[in-house]
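Me: Got a minute to go through a structure with me? I'd like to talk about helix packing, the cysteines and a few odd backbone spots.

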Amino acid sequence: MIIMNVIGSDKWLKILEDLYESDEDLCNIYHIEAPATSKVCASRTFEDIKNLDDFSFYVLINEGRISGWFGKEQDHLTGFFLDKGLRKNSKDVFKSYIFPKFGDEFLSSVYKKNSRAVSFLKKIGEPYAENNVIFTVKISK
């Protein structure tokens, strides 16, 4: 069973470091800072989210350990990470835990360099906008 909690900003960086450390490919290939260490990748993500207005940082706890996170900024899914264990059922995780935090439609953006996340978002949403750096989808329930 997965438990979801909102976490205060004082814990975000450590959570990001721990999760990113569990995924070598993220920091070596897909992250905007790649290739880089998990600390560099976590620091960049933290810098990107720490001053966002009306932002909530949720963690997904599976079998007693933090296995993922996602950020909610009004009607925008602003960043997400699922460990390898949760990725097997990523669509179900999104439908059960992430979708309920939003209305009927919301946007999600990722760095285009993260082709793994772009590919996933294309499976659950419709392309909405993109530029040289960011890819955005519109997700409807």
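What follows is a short back-and-forth about this predicted model.

Me: Let's start with helices. How do the axes of α1 and α3 cross?

Reply: Helix α1 covers residues 12-21 and helix α3 covers residues 38-49; their axes come within 8 Å and cross at roughly 140°. That makes the pair oblique. As for handedness, α1 passes α3 in a right-handed crossing.

Me: Which residues in α1 and α3 meet?

Reply: On the α1 side they are Trp12, Leu13, Leu16, Glu17, Tyr20 and Glu21. On the α3 side you have Ser38, Lys39, Cys41, Ala42, Ser43, Thr45, Phe46 and Ile49. By type, the residues of that contact divide into eight nonpolar, three polar and three charged.

Me: And which residues of α1 are buried?

Reply: Trp12, Ile15, Leu16, Glu17, Leu19 and Tyr20 are the buried ones. So there's a glutamate on that list, because Glu17 counts as buried too.

Me: What covers the buried residues of α1?

Reply: The cover includes helix α2 (24-30) and α3, plus the strands β1 (2-7), β2 (55-62), β3 (65-73) and β4 (76-82).

Me: Switching to cysteines. How many disulfides does the structure hold?

Reply: Zero. Cysteine 27 is in no disulfide, and the nearest cysteine sulfur to it, that of cysteine 41, is 3.1 Å away.

Me: Why is there no bond from cysteine 41 to cysteine 27?

Reply: Because the 3.1 Å between the two sulfurs is too far for a bond; the cut-off for a disulfide is 2.5 Å.

Me: Is cysteine 27 buried or exposed? Same question for cysteine 41: buried or exposed?

Reply: Cysteine 27 is buried, at 3% relative accessible area. Cysteine 41 is buried as well, at 0%.

Me: OK, back to helices. At what angle do α5 and α6 pack?

Reply: About 60°, with the axes 11 Å apart; α5 is residues 90-98 and α6 is residues 115-124. Here too the crossing is right-handed. Ser90, Lys91 and Phe94 of α5 meet Phe120, Lys123 and Ile124 of α6. That contact splits into three nonpolar, one polar and two charged residues.

Me: What about isoleucine 29, where is it found?

Reply: In helix α2. With 43% relative accessibility, isoleucine 29 counts as partly exposed.

Me: What is isoleucine 29 in contact with, leaving aside its neighbours within four places in sequence?

Reply: Ala34 and Lys113.

Me: Now the odd backbone spots. Is the peptide bond from alanine 34 to proline 35 cis or trans?

Reply: The bond is cis, with omega near -5°. Proline 35 sits in the loop between α2 and α3.

Me: What's the phi of aspartate 54?

Reply: Positive, about 50°, although aspartate 54 is not a glycine. You'll find aspartate 54 in the loop between α3 and β2, and at 54% relative accessibility this residue counts as exposed.

Me: And what's the phi of glutamine 74?

Reply: Glutamine 74 has a positive phi of about 50° and isn't a glycine either. Its place is the loop between β3 and β4. At 47% relative accessibility, glutamine 74 counts as partly exposed.

Notes:
Residues numbered from 1 in each chain as written. Predicted model: local features only at pLDDT ≥ 70, side-chain atom pairs only at ≥ 80, totals over all residues. Heavy atoms only, no water. Axes fitted to C-alpha atoms, helices over the stretch in contact; angles between N-to-C directions. Helix = DSSP H or I, 4+ residues; strand = E, 2+ residues; numbered from the N terminus. Parallel < 35°, antiparallel > 145°, perpendicular 65-115°, else oblique. Left-handed = near helix turned anticlockwise from the far one by under 90°. Contact = heavy atoms within 4.5 Å. Nonpolar A, V, L, I, M, F, W, Y, C, P; charged D, E, K, R; others polar. Buried < 20%, exposed > 50% of the residue type's maximum accessible area, 1.4 Å probe, protein only.
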